[in-house]
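Subject: Structure for you to look at

Hello,

Here is the structure I said I would pass on. Please open it first, then read the notes below.

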Amino acid sequence: RLALLNTRYLRLCAEADERVRPLVYAVRLWAKRQGLAGNPSGSGPLLNNYALTLLVVFFLQTRSPPVLPAVARLRDLAGRGPSMCPPHPGVPFACDPSVSFSVPGDEDRAVVGGWDCSFPRDAASLEPSANTETPCSLLADFFHAFGDFDFPGCLISLREGRALPLPPPASPEVAEGLKLGPLNLQDPFELSHNVAANVNEKTAARFGRCCRDAAKYCRSLQYRRKSTKGRAWGLTRLFRPGAVEPGAASSGAFLIPIPLDAVGLREPGSGGSLFREVCSAVAFVLRDVLKCGCAAGKTPPAPG
């Protein structure tokens, strides 16, 4: 039931503002191309699409003026007061995790597992945002906002629409099982769930570093102006694997070494001609067919 309400909440966000969906898709694609997202086995240290989507929603909540309202504001629009789960006639206090209920005739109000999941189901009931930033401007500011974000030192709260200090060990969230780590992203409804609990320190640091590189690129002419030399520019360059700083295409970013056995490719009396032919063939495929940068590395020493 919580998963279903999370899906409905994200759908509400997408329907509330037409900039939400393209921004989410852009961030997801960028993160995948940078190797920051996509755990092949279903578990791993990388970000998942749900976490990336929540990061975008949180970012849009923090704009001035906001593009999306905080979840607490949505709860108020659904008719609930400031407390988490006020008692309902005939229903025990809803902080009990065994309590789940919905109000007959009012699908906007619901409690699941003790968590208040109330929010309007119809985007038409939300006030239109006064924010007029373009999607491209928002994307650049997303990278800027998270480039120097203190991920391990705070809790990203979509409920409040702001970053909160880490909760003390005796807090209800931690007592219920909130796992803190290098990136703390609180579920909008199940407050004891860190959506990014699987992310390790290396991935969190790389996410910040890649955001800084992307923010720097978004300030360059390569991002805003078509290349006169036929080079990739704008979003096309941003979505390429590896670093996206201006000039990074030739800086050795995302180097992939191709080891060739010089000894095994050397015929007796050939003087190494076969090895050179193989290297030339590989270089031709990489440089002329795949249009990749290709440079000779150091020849490994002969064994023994």
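What follows is a short account of what was found in it.

Please keep in mind that this is a predicted model.

The chain as a whole

The chain has 304 residues, and 41% of them count as buried. There are 10 helices and 6 strands. Consider the contacts in the chain with a separation of 6 or more: 60% of them come from residues 24 or more positions apart. The accessible surface is about 16,700 Å². Carbon and sulfur atoms hold 57% of that surface.

The sheet

Start with the sheet made of E5, E4 and E6. Its 3 strands run in the order E5-E4-E6. The sheet is open, and its pairing is mixed. Strand E5 (162-165) and strand E6 (185-186) are the edge strands, each pairing on one side only.

E4 takes in residues 154-157. On one side, E4 is joined to E5 by 4 bridges, and these two strands run antiparallel. Cys154 stands opposite Pro165 in E5. The hairpin of E4 and E5 has 4 residues between the strands. In this hairpin, Gly161 takes a positive phi near 75°.

E4 is also joined to E6, here by 2 bridges, and this pair runs parallel. Ile156 has Leu185 as its bridge partner in E6. Ser157 stands opposite Gln186 in E6.

Are the faces of E4 covered or open? Both are covered. Cys154 and Ile156 lie on one side, Leu155 and Ser157 on the other, and all are buried. Helix H3 lies across E4, E5 and E6. H3 runs at about 85° to E4.

Helix H5

Next, look at H5. This helix covers residues 135-147, which makes 13 residues. At 1.5 Å a residue it should span 18 Å. Its end C-alpha atoms are 18 Å apart, so the expected span and the model agree.

Which residues of H5 are buried? They are Leu138, Leu139, Ala140, Phe142, Phe143, Phe146 and Gly147. Several helices help to cover them, including H2 (20-33), H3 (49-61), H7 (201-218), H8 (221-224) and H9 (234-238). Asp141 is not in that buried set. Asp141 is partly exposed, with a relative accessible area of 23%.

Salt bridges

Side chains of opposite charge can pair when their charged atoms come close. How many salt bridges are found in the whole structure? The search gives 5.

One of the pairs is Asp17 with Arg19, at 2.8 Å from N to O. Both Asp17 and Arg19 are buried.

Arg63, Glu133 and Asp141 form a network of salt bridges. Take Arg63 and Glu133 to begin with: their closest N and O atoms are 2.7 Å apart. Arg63 lies in the loop between H3 and helix H4 (71-77), while Glu133 lies in the loop between strand E3 (115-116) and H5. The pair therefore ties together parts that are 70 residues apart in sequence.

Arg63 also meets Asp141, at 2.9 Å from N to O. Asp141 lies in H5 and Arg63 in the loop between H3 and H4, so this pair ties together parts that are 78 residues apart in sequence.

Where to look

For a quick tour, begin at E4, which pairs with E5 and with E6. Then move to H5 and its buried residues. Finish at the network of Arg63, Glu133 and Asp141.

Best wishes

Conventions
Residues are numbered from 1 along each chain as its sequence is written. This is a predicted model: local features need pLDDT of at least 70, side-chain atom pairs count only at pLDDT 80 or more; totals for chains, interfaces and linings use all residues. Side-chain values use heavy atoms; hydrogens and water are left out. The expected span of a helix is 1.5 Å times one less than its number of residues. Buried means under 20% relative accessible area, exposed over 50%, partly exposed in between (1.4 Å probe, protein chains only). Contact means heavy atoms within 4.5 Å. Two strands pair if DSSP finds at least two bridges between them. Axes are lines fitted to C-alpha atoms, for helices over the stretch in contact, and angles run from 0 to 180 degrees between N-to-C directions. Accessible areas come from the Shrake-Rupley method with a 1.4 Å probe; for residues, only the protein chains shown count as cover. A salt bridge is a side-chain nitrogen of Lys or Arg within 4 Å of a carboxyl oxygen of Asp or Glu.
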